[in-house]
Amino acid sequence: MIEARHLRVLRAVATTGSFSAAARELGCTQPAVSQQMKALEASTGTPLLIRTGREMRLTQAGEALVRHATGILAGLTAAEEEIAAIAGLRAGRVRLVSFPSGSSTLVPGALAALRAAHPGTRVSLVEAEPPRSVEMLREGDCDVALAFRYEGRREAPQGRGGGAAAAAEEWDDLVVRPLLADRLVGLVPEGHRLAGADAVTIGEFADEPWIAGCPRCRRQLVEVCEGAGFVPRIDFATDDYPAVIGLVGAGLGVAVLPELAIESVRPRGARTVTVEPAVRREIVALTLPDLAQVPAVAATLDHLARAAAR
């Protein structure tokens, strides 16, 4: 195998015309130059230099190798400079995937701070709900996944596709950066009988029509309600949190939403109420162990954690 250090010696010898001059240029000894040239000839399996007295000239193979060495060494130098820029956060790219309420609350502040601290680092953003976002991370489609799961829940739903979803729910093979615990709050129309209550139990909504959110949140809602002894009557279901809030504000039903979702939208015509017992979802940033060592990825995780702490 041809080594870059041997190519540098060959180029120096070809440029200066002797081992001693090449040694002075490279800052090493003449025997070291001679040894490296012998190693290079052994690697290529053919003579690269012809020595006649004090004169030294390249063989046809040597000329060909010097010609290629110029481009190879230039490419290596460029690669070293680019890697140094990435390692020093003067450059780099991070692909981030987030669920919508995280995109509108945690992500903007985190990315603004990251850009201010490291303007050469570029971050792209796409939206996906877990477990799809976690699958994207494992499939190499992103570098950091902002995800959530409900406290006490580690298993995915059974049935069609349950095996893949269950695998995505398990995070043991990932680097998990905890960000915050996001409590669910009740949302009722302004004129609702419970609009002024300090706190309500989920059972007090047993006879209400419901507006449900994303499939994952919908599943959690049904489980919580069943635990309180009733099955919610879901009249409307939408993945769009502003639509949920709009439907509640129009008096079409009640809902429970994460605080992050309420924070990202002004709930016109609706009031929030504390729901007891508390139900929270765990918000985390996920990445792969090897990616966690990449400076730009590590910086993104740090800025997401700082944004969540504010």
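The legends below describe an overall view and several close-up views of a predicted model of one protein chain.

**Figure 1. Overall view of the protein chain, with 11 helices and 12 strands.** The radius of gyration is 31 Å, well over the 19 Å that the globule rule gives for 310 residues, so the chain is more spread out than a compact globule. Along the principal axes, the C-alpha atoms fill a box of roughly 105 × 40 × 25 Å. Of the 310 residues, 42% count as buried. Among contacts between residues at least 6 apart in sequence, 71% join residues at least 24 apart.

**Figure 2. Surface and charges of the protein chain.** The chain exposes about 15500 Å², and carbon and sulfur atoms supply 52% of this area. The chain carries 34 positive and 37 negative charges, and the mean positions of these two sets are 9 Å apart.

**Figure 3. Close-up of helix α2 and its surroundings.** Helix α2 spans residues 19–26, and its buried residues are F19, A21, A22 and A23. The cover over these buried residues includes two helices, α1 (4–16) and α3 (30–44), together with two strands, β1 (49–52) and β2 (55–58). Just after α2 comes G27, whose phi is positive, at about 75°.

**Figure 4. Close-up of L89 in the loop between α4 and β3.** The helix before this loop, α4, covers residues 60–87, and the strand after it, β3, covers residues 92–98. L89 has a phi near 60°, a positive value in a residue other than glycine. The relative accessible area of L89 is 15%, which means that L89 is buried, the cut-off being under 20%.

**Figure 5. Close-up of the cis peptide bond between P130 and P131.** Two prolines are joined here, and omega of the bond is about 10°. P131 belongs to the loop that links strand β4 (121–127) to helix α6 (132–138).

**Figure 6. Close-up of the cis peptide bond from E276 to P277.** The omega angle of this bond is near -5°. P277 sits in the loop between two strands, β11 (270–276) and β12 (280–287). E276 falls within the range given for β11, as the final residue of that strand.

Notes. Residues numbered from 1 in each chain as written. Predicted model: local features only at pLDDT ≥ 70, side-chain atom pairs only at ≥ 80, totals over all residues. Heavy atoms only, no water. Buried < 20%, exposed > 50% of the residue type's maximum accessible area, 1.4 Å probe, protein only. Helix = DSSP H or I, 4+ residues; strand = E, 2+ residues; numbered from the N terminus. Contact = heavy atoms within 4.5 Å. Rg over C-alpha atoms; globule rule 2.2 N^0.38 Å. Areas by Shrake-Rupley, 256 points an atom, 1.4 Å probe, with all protein chains shown as cover. Lys, Arg positive; Asp, Glu negative; His and termini not counted. Charge placed at Lys NZ, Arg CZ, Asp CG, Glu CD.
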